Amino acid sequence: MSEEPTNFLYPFIDAQENDSTSLLADLTASARAKAAESLALRRSTLDENVELLSTAATEMARRFAEGGRLFTFGNGGSCTDSTTLARLFARPPIGTPLPAWSLTADQAILTALGNDVGFELVFARQLIARAKRGDIAIAMSTSGSSPNLMAGLREARQRDMYTIGFAGYDGGAFAKSEDVDACFVVRSQSVHRIQESQALLGYELWLAVHEQMAGQRAEA
């Protein structure tokens, strides 16, 4: 089995480098370049999504105030990110805890549904069992096109849930789907950079929801 080249990701790995000082300089330069790229992308992503963040947060705050609940889901690294986002809402470092669950948290449910009805329906079937009108669904993805996420969003739409998609690249199917009310797109070709920016978007969304809810309480 041939080994895949890695120099397109980390050029210094495959280099014949005997000078430790030079190697350290290469490592430092690579880390700084990635950090700068990530910072620039996060800034541009927030700038591009300011209005959408406000719109989504307003609707989420309204639904939470009326008893709505949040369900998040994703695959792979996005599974981890969606779970982190649900925990941020449910167990915040400050502010009021809000009802939020990750549909990837229960291994027994995931494996049972994957085995019995197929992996494409592991999120949709959970929403059928648990979700109701007025709830919120957030699907996180780098491609924005995973079939099981699209199936989950489609089920959420049929249940009159507010649907949000996090995607990378050009937004994929999320950006084109009528089943997605709000689509946050991180315009990058790097999975790593996409997920870093999505993490910040999720935090900003959480913060904006709390700000909206505080404003609604003040007006009441």
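Start by selecting Arg-69 and Asp-135: both are buried. You're looking at a predicted model, by the way. Show the side chains as sticks and you'll find a salt bridge here, with the closest N and O atoms 2.7 Å apart. Now colour the elements around them. Arg-69 sits in the loop between H2 and strand S1 (70-74), while Asp-135 sits in the loop between helix H5 (124-130) and strand S3 (136-140), so this pair ties together parts that are 66 residues apart in sequence. Why would two such side chains pair up? Because opposite charges can do so when their charged atoms come close.

Next stop: Arg-157 and Asp-181. Their side chains also meet in a salt bridge, 2.5 Å from N to O. Trace the chain on either side: Arg-157 belongs to helix H6 (residues 147-158), and Asp-181 to the loop between helix H7 (172-176) and strand S5 (182-186), so the parts tied together here are 24 residues apart in sequence. Are these two buried or partly exposed? Arg-157 counts as partly exposed, at 24% relative accessibility, and Asp-181 is partly exposed too, at 37%.

Now go to helix H2 (residues 50-65) and pick Glu-59 and Arg-62. They are three residues apart in that helix, which means about one helical turn separates them. Their salt bridge brings the closest N and O atoms to 2.6 Å. Switch on a surface and compare the partners: Glu-59 is buried, with a relative accessible area of 18%, whereas Arg-62 is partly exposed, at 35%. The cut-off for buried is under 20%. Keep those two selected and add Arg-63 and Glu-66, and you have a network of four residues linked by salt bridges. How many salt bridges does the whole structure hold? A search finds nine.

Last stop: the largest pocket. To bring up its lining, select Thr-83, Ala-86, Arg-87, Ala-90, Arg-91, Ala-100, Trp-101, Ser-102, Ala-105 and Arg-130. The space inside comes to about 150 Å³. Which elements supply at least two lining residues each? Helix H3 (77-90) and strand S2 (100-102) do, and H3 gives the largest share, with four residues. Try colouring the lining by class: you should get five nonpolar, two polar and three charged residues. Click through a few of them, including Trp-101 and Arg-130, to see how they sit around the pocket.

Conventions
Residues are numbered from 1 along each chain as its sequence is written. This is a predicted model: local features need pLDDT of at least 70, side-chain atom pairs count only at pLDDT 80 or more; totals for chains, interfaces and linings use all residues. Side-chain values use heavy atoms; hydrogens and water are left out. Buried means under 20% relative accessible area, exposed over 50%, partly exposed in between (1.4 Å probe, protein chains only). On a 1 Å grid over the protein atoms alone, a cavity is a set of points where a 1.4 Å probe fits but cannot get out, and a pocket is an open set with protein on both sides within 12 Å along at least five of seven lines; lining residues have an atom within 4 Å of a point. Grid points are joined across faces, edges and corners, and a volume is the space filled by probe spheres set on the points. Ala, Val, Leu, Ile, Met, Phe, Trp, Tyr, Cys and Pro count as nonpolar, Asp, Glu, Lys and Arg as charged, and the others, Gly among them, as polar.
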